[in-house]
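Biologist: Could you take me closely through one part of this protein, namely the side of one domain that touches the other, and set it within the rest of the fold?

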Amino acid sequence: MTSPIVRVHWLNESRAFRVLWLLDHLKIDYEIVPYKRGADKRAPESLKKVHPLGRSPVLEIEDRETGKKKIIPESGFIFQYVLQHFDKSKILGNDDPDKADQIQYYLFYSEGSLQPPLMIEFILSLAKESPAPFPVSYLVGKVADKISEKYSKGELKNQLDFIENEISKNNGYLVDGKLSAADILLSLPLQMAFARGFAKAEEYPNIQVWSKNIKAVDSFESAKEKAEALGAKF
Ligand SMILES: N[C@@H](CCC(=O)N[C@@H](CS)C(=O)NCC(=O)O)C(=O)O
């Protein structure tokens, strides 16, 4: 059986970089279909031709013999699909069923639990930065701070404390003391939490070391080069 054509619908400054990293780590040949965000930061309409939601990443698998295409949206689902179909020797999965379940858990956890408070913090920061005359700017700032204080800041802390502890219990990684799909998927939201100033790096030393260590692999560099060739900034 011939291997299918694998295409990544990649949007700049998005969650899609992780899919390149995942595929590079598994040494899977793939094509990149690039999309560029507009001035409004949204994806171009052409992405909706791939999947109606018009979001990236989307993985496309094309059977070379029949031409039949399968469209796989949603980062966690893409990771699950790739592990199931392209990682038979469990390079980024795990032979131990309990450990494999833990990896699966993180594939759901990323968008289900970690991204929501991060997204709220991000929207609140945009609201605070948006130009508005006084006293509107003052009131918006007050309301944003209140929502952050009552919900998203505490919830983000809850999530980061959990991850910090898991990394310490699992010898520097999320599962089984070695790089897995879980680490690659969580790399982006955890990096964002600190880069956007929603959490202080010095309060999470294990996450900082983890973040550096997981990127010390050839697959990160090769994926980065591919993304940079398309204009990505790191
Ligand atoms: N839950 C989805 C989220 C996909 C998503 O929102 N992607 C963003 C980039 S990180 C996007 O395509 N944004 C473009 C837009 O909103 O127009 C996933 O994990 O893949």
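Modeller: **Where the two domains meet**

The protein contains 7 helices and 4 strands, where helices (H or I, at least four residues) and strands (E, at least two) are DSSP runs numbered from the N terminus. This is a predicted model, in which local features need pLDDT of at least 70 and side-chain atom pairs count only at pLDDT 80 or more, while totals for chains, interfaces and linings use all residues. Residues are numbered from 1 along each chain as its sequence is written. Followed along the sequence, the elements come in the pattern β-α-β-β-β-α-α-α-α-α-α.

The protein is divided into domain 1 (5-92 + 219-229) and domain 2 (97-217), with bounds that come from an automatic or database domain assignment. The C-alpha centres of domain 1 and domain 2 lie 23 Å apart. Across the boundary, 13 residues of domain 1 are in contact with 13 residues of domain 2, a contact being two residues whose C-beta atoms, placed from the backbone, lie within 7 Å. On the side of domain 1 that touches domain 2, the elements giving two or more residues are α1 (17-25), α2 (75-86) and α7 (218-229). The largest share of that side, 5 residues, comes from α2. By class, the residues on this side of domain 1 are 6 nonpolar, 5 polar and 2 charged; here Ala, Val, Leu, Ile, Met, Phe, Trp, Tyr, Cys and Pro count as nonpolar, Asp, Glu, Lys and Arg as charged, and the others, Gly among them, as polar.

The ligand has residues around it that include S14, R15, E74, S75 and E111, a residue being near a molecule if its C-beta atom, placed from the backbone, lies within 6 Å of it. In this shell there are 3 nonpolar, 4 polar and 5 charged residues. R55, S56 and P57 are also among the residues surrounding the ligand, and L53 is found in the loop between β2 (31-35) and β3 (58-62). L53 counts as exposed because it has 12 C-beta neighbours inside 10 Å; a residue is exposed if 12 or fewer other C-beta atoms, placed from the backbone, lie within 10 Å of its own, buried if 20 or more do, and partly exposed in between. The C-alpha atoms of L53 and P73 are separated by 9.1 Å, although the two residues are 20 apart along the chain.

The UniProt record, in an unreviewed entry, lists "domain: GST N-terminal" at residues 3-90, and such annotations may be inferred rather than shown by experiment. That span is 24% helix and 25% strand, with its end C-alpha atoms 18 Å apart. UniProt also places "domain: GST C-terminal", again from an unreviewed entry, at residues 96-234, a span that is 75% helix and 0% strand, with its end C-alpha atoms 35 Å apart.

Helix α4 (residues 136-169) holds D161, which counts as exposed because it has 12 C-beta neighbours inside 10 Å. D161 and E203 are 42 residues apart in sequence, and their C-alpha atoms are 9.2 Å apart in space.

For the protein as a whole, the C-alpha trace spans about 65 × 45 × 25 Å along its principal axes. Buried residues make up 32% of the 234 residues. Of the contacts with a separation of 6 or more, 67% are between residues 24 or more positions apart.
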